[in-house]
Amino acid sequence: MKLQSILIVSIFQLMFSFLFAQKYEKSYQQNINYKTNNNNGKDLNLNFACKYDAFLGEPLFSSRTKKISEGDFIVYNNQKYYRKDIGDKIFNQVEVGLINVSFDIYQGSRKIATVKLENEISVSFIPGSPDWDQLWPGVSEDNVKKIWKEGYTIKNAKLYNVKFTGFSALQSYLNKIESDKAKEIEDKKKAEEKEKEEQEKADQEQQLKEEEEAEKLIAENKKQEEEDLERAKEEEREKAAAAEAERKRTEEQERIRQEKINAYNNRIANQKKENNAIAAASAASSASFLYLLGGVIYNKMGLPGKDLYTGNNFHINFDFGYGVSAFPLSYNSVRTAVDYNGDEQTTEEETTVSAITVDLRLAFKVGYEVENGGGNIYGRFEPGFSPIFTDFNTSHGYGAEIFGGHKNIKLYGRYEMGTHSFSSNNWIDPEEIGEGGKSSTSYTQLRAGLKFSYYRNTRTAKRDHIILGIMENYFDENSAEVFSFREEPGEPLINLNGNIPNYVASGFFFEWKRDHTHRLYLEVFSNYPSTGDIGGVSNDGSMFLQVGFSRSIEGFFGNK
């Protein structure tokens, strides 16, 4: 009966162990790459595998670490030696002598223990049966069994100590290379010593030969020196004769050069003197003509008018009188000059000048005016010339103006279209042989400002008007055949149509007019584009000025 009980218990234990082993068997494997870096050995690619199991209530553990592949070089004493250089025999003798592997036991995300295996190098599994309290370092038997039943994972297999053996063949190979190098150095040293001895012998023989040749050469040199001395004296005589001939030739060339330069300078000076005389005569004639014409224009200016302004009138105005214009004009200047040799040369350069003319302003205006506003349409023609006939002007314009507000102070605006036509030719300068320049530039102009109207005293029936403000001329690529535009056109101030043209020239104007008497005007653009025969892109400009004083004849018609 007792034997039967023992047998039954043993059977139950075997069944429990079988079921326990089936439930809690755990396998793990991982590839590990080992880099030898500066340590003696090779790079390795290893496969580590381990397995936990249980039998008859006792734990079982087995593991193996086998080599999958290895690198193609050996590191030895901080030097790399490749298989192709040292050969397979020496390369294969370097083998792994020691590999220590560690891995971690986890339950969930919590690390339980780190297991370290020493001298772990084998192709097949090495079985073992440790005790429960030695299975995982630092974990008691009860905790191991508890974790074993609840479940765990194996992670992070890595190497922590690797050593290689079999370097003797490699060392012998290196010793042989070093020995061969030493022998080669010794053989080279002996060869150099032999060569040195032979060279010393050859040098002695050469020295004797050179001494004999030197004695012979001294004799030859002495003879040669005597011949050279005689030859040098002859050359000095020939050189002196040549220098004298060269001096005479240079003096003759200098005389001819000075004659050519003097002839050119005299011709230019005489021509300039003649041109200045013509210019002076022209200026005197122009002044006489302008004086006589001015006497006609301004004669009896300011006589009482017959058709006076009454506060609600149609208006007709004629202006004629003198003005002055200074317009920027660009062209290719063609000039002559003489070079150092006295030869006449012609050069071209871009030139910008101010064409200055005395203008005869002829203007006509017609419109309607009441106490608080009015408007006119007008046209003007400004033929002009410089008193010495270097610059000419045939500009014209037409447009409309409006004004409104208080009877004494009104807002003023004007729109104008026209063409500035100027030409310039500096014929006075005889070294200027070009045709000069000309420009015909179309523009659109807007003016904005204030108009002040008042009677000087209670006895006069003539009003005075002062108009001042800003003005802008607008251009595009069709404004002139050649045009110098700004790199950055700039923002217009009073452009009403909203379109920014290629170029905007801003300025100011001032006008003082007295009914039936005169009109004094001033128009200034400080940075006006240059036009003419050359163009380009530039931020530079020049001043465009118009100032004048004209006689004003007008009539006011309508309500009396």
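**Cavities, cores and a few single residues**

I will begin with the interior, where the structure holds 3 cavities of 30 Å³ or more, a cavity being a set of points, on a 1 Å grid over the protein atoms alone, where a 1.4 Å probe fits but cannot get out. Please keep in mind that this is a predicted model, in which local features need pLDDT of at least 70 and side-chain atom pairs count only at pLDDT 80 or more, while totals for chains, interfaces and linings use all residues. Residues are numbered from 1 along each chain as its sequence is written, and side-chain values use heavy atoms, with hydrogens and water left out.

The largest cavity encloses about 200 Å³, where a volume is the space filled by probe spheres set on grid points that are joined across faces, edges and corners. Its lining consists of 18 residues, and R361, A363, K365, R414 and R519 are those that lie nearest the centre; to count as lining, a residue must have an atom within 4 Å of a point. Two or more lining residues come from each of β10 (312-338), β11 (344-370), β12 (373-385), β14 (409-424) and β19 (518-528), and β11 gives the most, with 4 residues. By class, this lining has 5 nonpolar, 3 polar and 10 charged residues, with Ala, Val, Leu, Ile, Met, Phe, Trp, Tyr, Cys and Pro taken as nonpolar, Asp, Glu, Lys and Arg as charged, and the others, Gly among them, as polar.

The second largest cavity holds about 130 Å³ of space, and of the 17 residues that line it, H315, K365, K451, H465 and K513 are closest to the centre. The elements that give two or more residues to this second lining are β11, β13 (391-405), β16 (463-475), β18 (503-514) and β22 (542-558), with the most, 3 residues, coming from β16. The second lining divides into 4 nonpolar, 3 polar and 10 charged residues. K365 is worth finding on the screen, as this residue is listed among those nearest the centre of the largest cavity and also among those closest to the centre of the second largest.

Let me step back to the whole chain, which has 6 helices and 22 strands, these being DSSP runs numbered from the N terminus, with H or I over at least four residues for a helix and E over at least two for a strand. Of the 560 residues, 37% are buried, where buried means under 20% relative accessible area, exposed means over 50%, and partly exposed lies in between, using a 1.4 Å probe and protein chains only. Among contacts (heavy atoms within 4.5 Å) between residues at least 6 apart in sequence, 68% join residues at least 24 apart.

Turning to the nonpolar cores, the largest has 43 residues, and F48, Y52, F103, I105, W136 and L170 make the most contacts inside it; a core here is a set of buried Ala, Val, Leu, Ile, Met, Phe, Trp, Tyr and Cys residues joined through side-chain atoms within 4.5 Å. Strand β2 (residues 44-55) is the element that gives the most to this core, with 6 residues. A second, separate core has 15 residues, including A355, Y412, F475 and A505.

For the annotated segment, UniProt lists residues 277-298 as "transmembrane region" in an unreviewed entry; positions follow the numbering used here, feature names are shortened, and annotations may be inferred rather than shown by experiment. In the model these residues are 100% helix and 0% strand, and the end C-alpha atoms are 31 Å apart.

I will finish with some single residues. K300, in the loop between α6 (168-298) and β10, has a positive phi of about 60 degrees although it is not a glycine, and K300 is exposed, at a relative accessible area of 56%. H516, in the loop between β18 and β19, also has a positive phi, near 65 degrees, but H516 is buried, at 9%.

L468 sits in strand β16 and is partly exposed at 36% relative accessibility; leaving out residues up to four places away in sequence, L468 touches G449, L450, F509 and F510. T165, in strand β9 (residues 153-165), is partly exposed at 44%, and the C-alpha atoms of T165 and Q93 are separated by 8.0 Å, although the two residues are 72 apart along the chain.

Conventions
On a 1 Å grid over the protein atoms alone, a cavity is a set of points where a 1.4 Å probe fits but cannot get out, and a pocket is an open set with protein on both sides within 12 Å along at least five of seven lines; lining residues have an atom within 4 Å of a point.
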